[in-house]
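Where does this protein leave empty space inside, and how do its helices pack? The paragraphs below take up the internal space and then the helix pairs.

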Amino acid sequence: MKKGLRLTVTEARPHTLFSFGTLMDERVQTALFGRAVPSSSASLVGYTTRPLPITDPSVIAASGLDVHLTLECRIGSVVEGAVLRLTDRELAAVDAYEVDDYARRRVLLTSGESAWAYLDAKPLRAAARIVIVGDSIAYGRCDPHGGWAARLAATHIAGNEADHRVFNLAIPGSTLAVVSEQTPALLDPRRPDTLLVAAGINDSALPLGAPQAQGDWLARIADSLGSLAATALGHQARLVVAGPTWLDEERTRDYEGLRFTRARALALRESLRVWCDENHVDYLDMWEPLCEKTDLLVDGLHPDPEGHQVLHRHLSALSR
């Protein structure tokens, strides 16, 4: 049971929640909501289930089980379940009921209806086919081994050679606006279940001499993220946003006619984190691994091979 969750939200429109396990049990519904909730049969393509051991006594008491199910990506598989129609308060009660191994995310049902579902809280652990989009750091500039993305691909594919794939489509110089425009056409032939957006430092850059106004550029970032979320959902892919990496401001003030400042990079980092939190999207913070480690940056922006290795270890830890 998640601690500290407040259930004082107001009642409003019903929410659709795809259930494939204990939430379909009327005894569990009655324990959580005081009633059996309206439901209808539904299915989810592109996923299978695997067992998840439960240790929280209150969750075990409500369900009567110490092993629940969690979803795992698998092309060609289908999970049968039900759509529950919940109030705000009931959805909050389910958030409290589900253990921290789950995260509530949007999925697209076979019917074409969008619904909430509780997925593995570690998005890359649950992934099979990953598409990476982003800028030069995601591309692997300054590392002949291909950067953190190539290292991620090697370990991910080694885990399941038959089913796992990673497609690195990052382009140096890209911003989120460019990525959101170009990504839709890239996904169909690659059939991803996970869209990893490396939201890099380019979104914080200013031409030299330009004012540092905040509002408009952060609003545009939110618009780009919204577009990417819609693209991912339309392809039954889970959106994962990786934030910017640390920069050495003293070495980047006039980088190729652009100005990079730590203040704007931190504003970008916080804006991404808040947007992801508000929209139930996975956010991977990439700032801390290189923080104050200026020797691991070739030019104040781009990690050297060791810096990319540090970033990869950080991502691996978030995936376990």
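The model is predicted. Start with a cavity that is not the largest: the second largest cavity, with a volume of about 80 Å³. Its lining is made by D135, I137, A138, W148, A198, A199, G200, A242, G243, P244, T245 and M286. By class, 8 of these lining residues are nonpolar, 3 are polar and 1 is charged.

In total, the structure holds 5 cavities of 30 Å³ or more. The largest cavity takes up about 140 Å³. Around this space lie L17, F18, S19, F20, G21, T22, L23, H68, L69, E98, Y102 and Y118. Which strands each supply at least two residues of this lining? They are strand 1, residues 15–19, and strand 3, residues 67–86. Strand 1 gives the most, with 3 residues. The lining of the largest cavity divides into 7 nonpolar residues, 4 polar ones and 1 charged one.

Now turn to the helices. W148, one of the residues lining the second largest cavity, also takes part in the contact of helix 5 with helix 10. Helix 5 covers residues 147–159 and helix 10 covers residues 305–319; they pack with their axes 8 Å apart, at an angle of about 50 degrees. An angle of that size makes helix 5 oblique to helix 10. The crossing of helix 5 past helix 10 is right-handed. On the helix 5 side, the contact is made by G147, W148, R151, L152 and T155, and on the helix 10 side by P305, H308, Q309, L311, H312 and L315. Sorted by class, the residues of this contact are 5 nonpolar, 5 polar and 1 charged.

Another pair is formed by helix 1, residues 26–33, and helix 3, residues 88–97. How do the axes of these two helices cross? They come within 10 Å and cross at roughly 110 degrees. Angles of 65 to 115 degrees count as roughly perpendicular, and helix 1 and helix 3 are therefore roughly perpendicular to each other. Helix 1 brings V28, L32 and F33 to the contact, while helix 3 brings E90, A93, V94 and Y97. The class count for the contact of helix 1 with helix 3 is 6 nonpolar residues, no polar ones and 1 charged one.

Notes. Residues are numbered from 1 along each chain as its sequence is written. This is a predicted model: local features need pLDDT of at least 70, side-chain atom pairs count only at pLDDT 80 or more; totals for chains, interfaces and linings use all residues. Side-chain values use heavy atoms; hydrogens and water are left out. On a 1 Å grid over the protein atoms alone, a cavity is a set of points where a 1.4 Å probe fits but cannot get out, and a pocket is an open set with protein on both sides within 12 Å along at least five of seven lines; lining residues have an atom within 4 Å of a point. Grid points are joined across faces, edges and corners, and a volume is the space filled by probe spheres set on the points. Helices (H or I, at least four residues) and strands (E, at least two) are DSSP runs, numbered from the N terminus. Ala, Val, Leu, Ile, Met, Phe, Trp, Tyr, Cys and Pro count as nonpolar, Asp, Glu, Lys and Arg as charged, and the others, Gly among them, as polar. Axes are lines fitted to C-alpha atoms, for helices over the stretch in contact, and angles run from 0 to 180 degrees between N-to-C directions. Angles under 35 degrees count as roughly parallel, over 145 as roughly antiparallel, 65 to 115 as roughly perpendicular and the rest as oblique. A crossing is left-handed if the near helix is turned anticlockwise from the far one by less than a right angle, and right-handed if clockwise. Contact means heavy atoms within 4.5 Å.
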